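User: I am new to this structure and should like to understand the terms used to describe it. Please explain the reasoning behind each one.

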Amino acid sequence: MEERKWEELNKDILVNVLGRVGMESLLLDVPYVCKSWYKASREPQCWENLIFPTYIKSDDIMEEDCPDRAFAERLAVNYQENLSVTAFLKFIVNRSCGRTTIIKLPNYCTEEALDYVANECPRLKVLHVGAFNMSIEDIIQKFIIKWKSLEMMRMGKLHMEEVLPQIGLHCNNFIWLSAPYTYIRKDEASAIVTSLPKLKYLDLHNASFEKETLVMILKGCKKLVHLDIRNCWGFHGVDAEILELASHIPTFMYEGSIILPFYDKVNERTMFMV
């Protein structure tokens with residue numbers, strides 16, 4: 001039987017495969033295989049899921065063994081050494097032609113870049129704000145109105161009480177919130193409960209909060225099917241009251257929670273930095 005060549009693979013199948021290989025390979029490897037692969041790699045369907053590396057510029061990387069270093073160095077060689085985070089994000093988002101449904105923002109994302117994402121990604125369903133993006137957390141709430149299809153978001157604690165009401169107002173299909181490594185006060189818990197009545201999945205692993213805050217969430221989020229509070233700080237384990245309040249949640253993950261000896265003596269800023 002005659003062997004078929006990769007370059008003769010059905011275009012629809014090839015595009016489906018290439019959309020799963022990851023941004024680095026899709027941008028810097030696939031286009032150089034052959035002409036048919038180059039053409040397929042430019043199809044918007046390949047760019048629906050945009051998982052940006054944490055770091056775009058090698059100068060921003062402190063750890064020598066950081067997995068993003070090789071990608072950043074290849075970008076500098078293939079494009080230009082002073083390639084900015086904003087320019088690269090626009091370049092990639094533009095390839096999707098408005099089809100992007102999932103995006104994980106790189107560190108040091110700018111307001112200009114976020115504005116571009118808001119205007120060019122109207123179909124967005126999943127948004128991962130990323131770390132070291134506190135500048136855009138200040139203003140992200142004003143862009144939520146443009147993502148009416150948003151279903152899932154991972155964010156930090158900053159301005160949660162401003163962002164979540166906007167999600168509740170404009171994103172009718174929102175069901176999943178992740179805010180690990182954050183400090184959840186009663187204000188943030190109240191925003192979660194009152195703004196997200198349809199919430200089904202809540203990920204707060206490694207977060208810091210008191211038992212009263214957790215009780216508020218358990219009493220208010222009636223539709224939860226998944227709650228992750230593993231390795232949290234601020235209360236000493238899960239007791240009978242919490243287990244009873246969480247009995248309606250099929251997946252309740254709580255191992256490793258502890259209360260720090262000095263918890264009552266530290267302020268919010270200190271706890272957030274621990």
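**Reasoning from values to terms**

Analyst: In this predicted model, Lys 142 and Glu 111 form a salt bridge through their side chains, at 3.2 Å from N to O. The two residues lie 31 residues apart, Lys 142 in the loop between helix H7 (134-137) and strand S4 (152-154) and Glu 111 in helix H6 (residues 111-120).

User: What makes the pair Lys 142 and Glu 111 a salt bridge?

Analyst: The definition asks for a side-chain nitrogen of Lys or Arg within 4 Å of a carboxyl oxygen of Asp or Glu. Lys 142 and Glu 111 meet at 3.2 Å, N to O, so the term applies.

User: Why is Lys 142 called partly exposed?

Analyst: Lys 142 has a relative accessible area of 49%. Buried means under 20% and exposed over 50%, so this value falls in between.

User: Arg 185 forms a salt bridge with Glu 188; why does Glu 188 count as buried?

Analyst: The closest N and O atoms of Arg 185 and Glu 188 are 2.6 Å apart. Glu 188 has 0% relative accessibility, and therefore counts as buried. Arg 185, at 25%, is partly exposed.

User: Why is helix H8 called roughly parallel to helix H9?

Analyst: H8 (residues 160-170) and H9 (residues 186-195) pack at an angle of about 0°, with axes 9 Å apart. Angles under 35 degrees count as roughly parallel, so H8 is roughly parallel to H9. Among the residues that meet there are Leu 164 in H8 and Ile 192 in H9.

Terms used. Residues are numbered from 1 along each chain as its sequence is written. This is a predicted model: local features need pLDDT of at least 70, side-chain atom pairs count only at pLDDT 80 or more; totals for chains, interfaces and linings use all residues. Side-chain values use heavy atoms; hydrogens and water are left out. Axes are lines fitted to C-alpha atoms, for helices over the stretch in contact, and angles run from 0 to 180 degrees between N-to-C directions. Helices (H or I, at least four residues) and strands (E, at least two) are DSSP runs, numbered from the N terminus. Angles under 35 degrees count as roughly parallel, over 145 as roughly antiparallel, 65 to 115 as roughly perpendicular and the rest as oblique. Contact means heavy atoms within 4.5 Å. Buried means under 20% relative accessible area, exposed over 50%, partly exposed in between (1.4 Å probe, protein chains only).
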